Amino acid sequence: MLSSPWDAAKHMESAAALAKELSNWSEVADFYRRASELYIECGRSQPASDALAKAHSYEIKYGILILPYFSVLEDTAPDEAIRLYIDACEILEEDGKEQMAFDLYRAATSVYIKLEKYDDAATFLLRLGLAADKCNATHSQCKIECLLGVVIVAATAALKDLVEVAEAYLSAIIVYLYANDFKQAEKCYNDCCQIDAFLSSDQIRCASKLFSAYTDGDVEEIKRVAQSSTVKNLDHMINLVNYLDGFYRNKRLQIIRLAKKLPTGEVSALKAEQEEALDEDDLT
């Protein structure tokens with residue numbers, strides 16, 4: 001007989017690990033979800049959230065190396081993957097540990113973008129921004145670990161002057177623009193301007209330049225701003241080196257890739273609409 005929910009949770013994680021080895025992914029999700037529930041019974045939000053996140057990854061042994069292999073559930077059952085990410089975020093939010101959920105917000109956003117659910121992706125980025133603002137997160141740090149043969153090369157760099165809040169909001173605006181939803185992008189921008197961390201950032205200046213270029217119908221300027229250093233720095237939001245069948249794979253938010261494709265719609269039509277609106281204002 002198990003002595004506590006904690007012991008039961010550990011057994012559930014062991015069962016999930018076995019299901020991973022057998023590639024029974026529906027059982028993997030079920031076992032980790034049950035483990036998470038048992039950890040919650042113990043009042044332990046962090047391992048409860050971690051259990052749900054573990055459903056997305058497993059390890060493959062390659063010689064004497066153990067290489068992390070991610071995104072299997074995202075590829076085979078993306079809706080279930082998103083549900084697990086959301087549940088993991090909510091567990092930490094309810095316990096006031098939003099800062100521990102940042103990678104989960106980003107991972108969910110990445111899956112939404114893969115599924116071309118851009119409204120949901122932008123909404124989750126805004127959720128990340130609000131969480132970061134609540135945590136007063138003004139700086140972040142990334143760690144990149146590279147496995148070369150049997151040598152582990154680890155490099156850690158502080159990312160100065162990059163504000164988590166502002167980057168999340170700029171990313172949301174880019175997603176809306178990519179989806180060719182200028183009005184929603186503009187509304188998002190106006191709402192984000194109420195956040196102090198965004199108002200004092202390089203990201204708001206970048207967003208402002210994008211909107212000016214769109215309203216002017218200046219395609220070249222849109223492309224220039226979309227490839228600026230401010231946008232390229234969004235790359236750090238997820239820059240984890242993973243491995244797929246023995247090869248390196250970058251798993252990160254697709255924000256930069258989306259930005260490079262801007263504009264996706266006919267900006268000259270947008271400029272005409274803006275001019276027509278100005279003419280109507282003059283008449284009144």
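This passage describes the fold, the helices, the aromatic pairs and selected residues of a predicted protein model.

The protein has 284 residues, of which 45% count as buried, and its secondary structure is made up of 15 helices and six strands. The accessible surface amounts to about 14,900 Å², and carbon and sulfur atoms account for 50% of that area. When contacts are restricted to residues at least 6 apart in sequence, 61% of them join residues that are at least 24 apart.

Helix H11 comprises the 15 residues 202-216, and its geometry can be checked against the expected rise: at 1.5 Å a residue the helix should span 21 Å, and because the C-alpha atoms at its ends are 21 Å apart, the model agrees with that expectation. At the start of H11, a side-chain oxygen of Ser201 comes to within 3.3 Å of the backbone nitrogen of Gln203. Gln203 is itself one of the buried residues of this helix, together with Ile204, Cys206, Ala207, Leu210, Phe211, Ala213 and Tyr214. After H11 comes Gly217, which has a positive phi, near 70°.

Helix H12 covers residues 219-226, and its buried residues are Ile222, Val225 and Ala226. These residues lie on the same side of H12, because the arc that they cover around the axis is only 100°. The N-terminal end of H12 is capped by Asp218, a side-chain oxygen of which lies 3.3 Å from the backbone nitrogen of Glu220.

Nine aromatic pairs are present in the structure. In one of them, Phe182 and Tyr214 adopt a tilted arrangement, with 5.9 Å centre to centre and 35° between the planes. Since Phe182 lies in helix H9 and Tyr214 in helix H11, this pair ties together parts of the protein that are 32 residues apart in sequence. Both Phe182 and Tyr214 are buried. A further pair, formed by Tyr189 and Phe198, is edge-to-face, with 6.3 Å centre to centre and 80° between the planes. Both partners of this second pair fall under the 20% cut-off for burial: Tyr189 counts as buried at a relative accessible area of 15%, and Phe198 is buried with a value of 0%. Ring pairs link these four residues with Tyr169 and Phe211, so that the cluster consists of Tyr169, Phe182, Tyr189, Phe198, Phe211 and Tyr214.

Tyr169, a member of this cluster, is also a contact partner of Ile195, which is situated in the loop between helix H9 (182-192) and helix H10 (196-199). Ile195 is buried, with a relative accessible area of 15%. If neighbours within four places in sequence are left aside, the contacts of Ile195 are with Asp133, Val165 and Tyr169. The C-alpha atoms of Ile195 and Tyr169 are 9.8 Å apart, while the two residues are separated by 26 residues in sequence.

A buried polar residue is found in helix H3 (residues 45-54), which contains Ser45; its relative accessible area is 7%. The side chain of Ser45 is joined to that of Lys97 by a polar contact of 3.4 Å. Apart from neighbours within four places in sequence, Ser45 is in contact with Ile91, Leu92, Asp95 and Lys97.

Several loops show backbone features that merit separate description. Leu262 and Pro263 are joined by a cis peptide bond, for which omega is about -5°, and Pro263 is located in the loop between helix H14 (255-260) and helix H15 (267-283). Glu116, although it is not a glycine, has a positive phi of about 60°. This residue is placed in the loop between helix H6 (102-114) and helix H7 (118-134), and Glu116 is exposed, with a relative accessible area of 57%. A positive phi of about 60° is likewise found at Asn180, again not a glycine, which belongs to the loop between helix H8 (164-178) and H9. Asn180 counts as exposed because its relative accessibility of 51% is over the 50% cut-off.

Note on methods: Residues are numbered from 1 along each chain as its sequence is written. Side-chain values use heavy atoms; hydrogens and water are left out. Helices (H or I, at least four residues) and strands (E, at least two) are DSSP runs, numbered from the N terminus. The expected span of a helix is 1.5 Å times one less than its number of residues. Buried means under 20% relative accessible area, exposed over 50%, partly exposed in between (1.4 Å probe, protein chains only). A polar contact is a pair of N or O atoms within 3.5 Å; within protein, one must be able to donate a hydrogen and the other to accept it, and residues adjacent in sequence count only if both atoms are side-chain atoms. Contact means heavy atoms within 4.5 Å. Accessible areas come from the Shrake-Rupley method with a 1.4 Å probe; for residues, only the protein chains shown count as cover. The arc is that of the directions from the helix axis to the C-beta atoms. Rings of Phe, Tyr and Trp (its six-membered ring) pair if their centres lie within 6.5 Å; planes under 30 degrees apart count as stacked, over 60 as edge-to-face and the rest as tilted.
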